[in-house]
Amino acid sequence: MRTCNICGRPKKDSKFKHINKKTCKRCEFRWKRSFLRLLVHDRRLSAKERIANRLGYFGTAFIMISPYLLPYGNIGAITYVIGGIVCIPQVWVAKQWNLVLVNLNVTIGYLIYLLYNG
Ligand SMILES: [Zn+2]
């Protein structure tokens, strides 16, 4: 039995988060805090997710520069195709199927563009 330093009631050890806690779990509880914890539960990225994220930024850079390269021959379309392909693993791992479709569409669309205009 210990006494909480907020409510001043004697409580069992199980009512405290750990051995050195002076405040009981009930006094520590805040609705806003627990709601935010529920939304952002702590998770670490796996190696696969890390690689996919790096590739995603790489591909995004390619897609970002592509519109400015389009007037200069095929290079803009080629960077679009590369960017579209390289971005797919990140959105695939994250199961963002709409973005997988967008990236596939960019890749296929600019491959067709290259076939007929290249
Ligand atoms: Zn208390």
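**Exercise 1. Determine which residues of α5 are buried in this predicted model, and how they are arranged around the helix axis.**

Solution. Begin with the burial of the helix: in α5 of this predicted model, the residues Asn-103, Val-106 and Tyr-110 are buried. Next, look down the axis of α5, where the buried residues fall within an arc of 55 degrees, so they line one face of the helix. This fits a general feature of the α-helix, which has 3.6 residues a turn, so that residues three or four places apart point the same way. Then turn to the face directed away from the buried side of α5, which carries exposed residues, among them Trp-97, Leu-101, Ile-108 and Tyr-116. Finally, ask what the buried residues meet: those of α5 pack against α4.

**Exercise 2. Check whether the length of α5 agrees or disagrees with its number of residues.**

Solution. The helix α5 has 21 residues, and at 1.5 Å a residue it should span 30 Å. The C-alpha atoms at its ends are 30 Å apart, which agrees with that expectation.

**Exercise 3. Identify the residues of the largest nonpolar core and the helices that supply them.**

Solution. The largest nonpolar core consists of 5 residues, namely Ala-77, Tyr-80, Val-81, Val-106 and Tyr-110. Assigning them to elements shows that α4 (75-93) and α5 (97-117) each supply at least two residues of this core, and that α4 gives the most, with 3 residues. Now follow one member, Tyr-80: leaving aside residues up to four places away in sequence, Tyr-80 touches Ile-63, Ser-66, Val-106 and Tyr-110.

**Exercise 4. Describe the backbone and the surroundings of Lys-95.**

Solution. Lys-95 lies in the loop between α4 and α5. Its phi is near 55 degrees, a positive value in a residue other than glycine, whereas most residues other than glycine have a negative phi. For the surroundings, count neighbours: 8 other C-beta atoms lie within 10 Å of Lys-95, and because exposure requires 12 or fewer, Lys-95 is exposed.

**Exercise 5. Decide whether the chain as a whole is compact or spread out.**

Solution. Start from the order of elements, which from the N terminus runs β-β-α-α-α-α-α. The radius of gyration of the chain is 26 Å, well over the 13 Å that the globule rule gives for 118 residues, so the chain is more spread out than a compact globule. The dimensions complete the picture, since the C-alpha trace spans about 80 × 25 × 20 Å along its principal axes. The domain assignment gives domain 1 (2-39) and domain 2 (47-117), whose C-alpha centres lie 49 Å apart. Lastly, buried residues make up 16% of the 118 residues.

Definitions and conventions. Residues numbered from 1 in each chain as written. Predicted model: local features only at pLDDT ≥ 70, side-chain atom pairs only at ≥ 80, totals over all residues. Helix = DSSP H or I, 4+ residues; strand = E, 2+ residues; numbered from the N terminus. Rg over C-alpha atoms; globule rule 2.2 N^0.38 Å. Buried ≥ 20, exposed ≤ 12 C-beta atoms within 10 Å, placed from the backbone. Domains from an automatic or database assignment. Core = buried A, V, L, I, M, F, W, Y, C linked by C-beta atoms within 7 Å. Contact = placed C-beta atoms within 7 Å. Expected span 1.5 Å × (residues − 1). Arc of directions from axis to C-beta.
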